[in-house]
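Reader: I'd like to learn how to read charged pairs and surface patches in a protein model. Could you walk me through an example?

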Amino acid sequence: METTKNERIYRVIDANLNRLKEGLRVVEDIKRYVFDDSEVAYKIKFLRHKAKIPQDDFLKFRNSKNDVLKTSTKSEQTRSNLDEIVTANFKRAQESARVLEECFKLINLEYAELFKSIRYELYELEKEL
């Protein structure tokens, strides 16, 4: 499939939509199942659902088979406790929201603002915890 320069950004968007939702799901499940913290789990679930946008345009540009950095680094493979897992996944979600915010500035300002708001909600939620 031949892609234009603007379409290449769709691969970045697809990867970061997945990364954002995966990071949120990890935090949500730990808060829900390990700590029985329904309040925080619900807030995270709300953010995860808020991040759901139509993904079909981006999915067709996915190329995980040929991802040049798909091998984990040592720091990604090492976690000492649940707090480290939660922190790492908060950071993952925040960083992904920032990437999405920036990329969507090229194609959809409404989505750019959506992901900016998600990023700031994550900053506040992380501070609460």
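Author: Happy to; we will go through the salt bridges and then turn to a patch on the surface. Keep in mind that this is a predicted model.

Reader: Good to know. What is the general idea behind a salt bridge, and how many salt bridges are there here?

Author: Side chains of opposite charge can pair when their charged atoms come close. In this model the count comes to 11 salt bridges.

Reader: Which residue forms a salt bridge with glutamate 102?

Author: That partner is arginine 98, and the closest N and O atoms are 3.2 Å apart. Both residues belong to helix H5, which covers residues 82–104, and they sit 4 residues apart, about one turn of the helix.

Reader: And are glutamate 102 and arginine 98 buried or exposed?

Author: In between, as it happens. Glutamate 102 is partly exposed, with a relative accessible area of 33%, and arginine 98 is partly exposed too, at 37%.

Reader: Let's move to glutamate 101. Where does its salt bridge with arginine 119 fit in the chain?

Author: The closest N and O atoms of arginine 119 and glutamate 101 are 2.7 Å apart. This pair links distant parts of the chain: arginine 119 lies in helix H6 (residues 109–128) and glutamate 101 in helix H5, 18 residues apart.

Reader: How should I read the accessibility of those two?

Author: Buried means under 20% relative accessible area. Arginine 119 counts as buried because its relative accessibility is 3%, and glutamate 101 counts as buried at 5%.

Reader: What about the salt bridge between glutamate 101 and lysine 105?

Author: Their side chains meet at 4.0 Å, N to O. Lysine 105 counts as partly exposed, at 42% relative accessibility, whereas glutamate 101 is buried.

Reader: Which residues are joined into one network by salt bridges that share partners?

Author: The network consists of Arg98, Glu101, Glu102, Lys105 and Arg119.

Reader: Now the surface, please. Which residues form a nonpolar patch there?

Author: Tyr33, Val34, Phe35 and Leu82 make up that patch, and together they have about 380 Å² of accessible area. Take phenylalanine 35 as one of its members: this residue lies in the loop between helix H1 (5–34) and helix H2 (38–50). At 42% relative accessibility, phenylalanine 35 counts as partly exposed.

Conventions: Residues are numbered from 1 along each chain as its sequence is written. This is a predicted model: local features need pLDDT of at least 70, side-chain atom pairs count only at pLDDT 80 or more; totals for chains, interfaces and linings use all residues. Side-chain values use heavy atoms; hydrogens and water are left out. Helices (H or I, at least four residues) and strands (E, at least two) are DSSP runs, numbered from the N terminus. Buried means under 20% relative accessible area, exposed over 50%, partly exposed in between (1.4 Å probe, protein chains only). Patches are made of residues with over 30% relative accessible area and no salt bridge: like charges are joined within 9 Å, nonpolar side chains (Val, Leu, Ile, Met, Phe, Trp, Tyr) within 5 Å. Accessible areas come from the Shrake-Rupley method with a 1.4 Å probe; for residues, only the protein chains shown count as cover.
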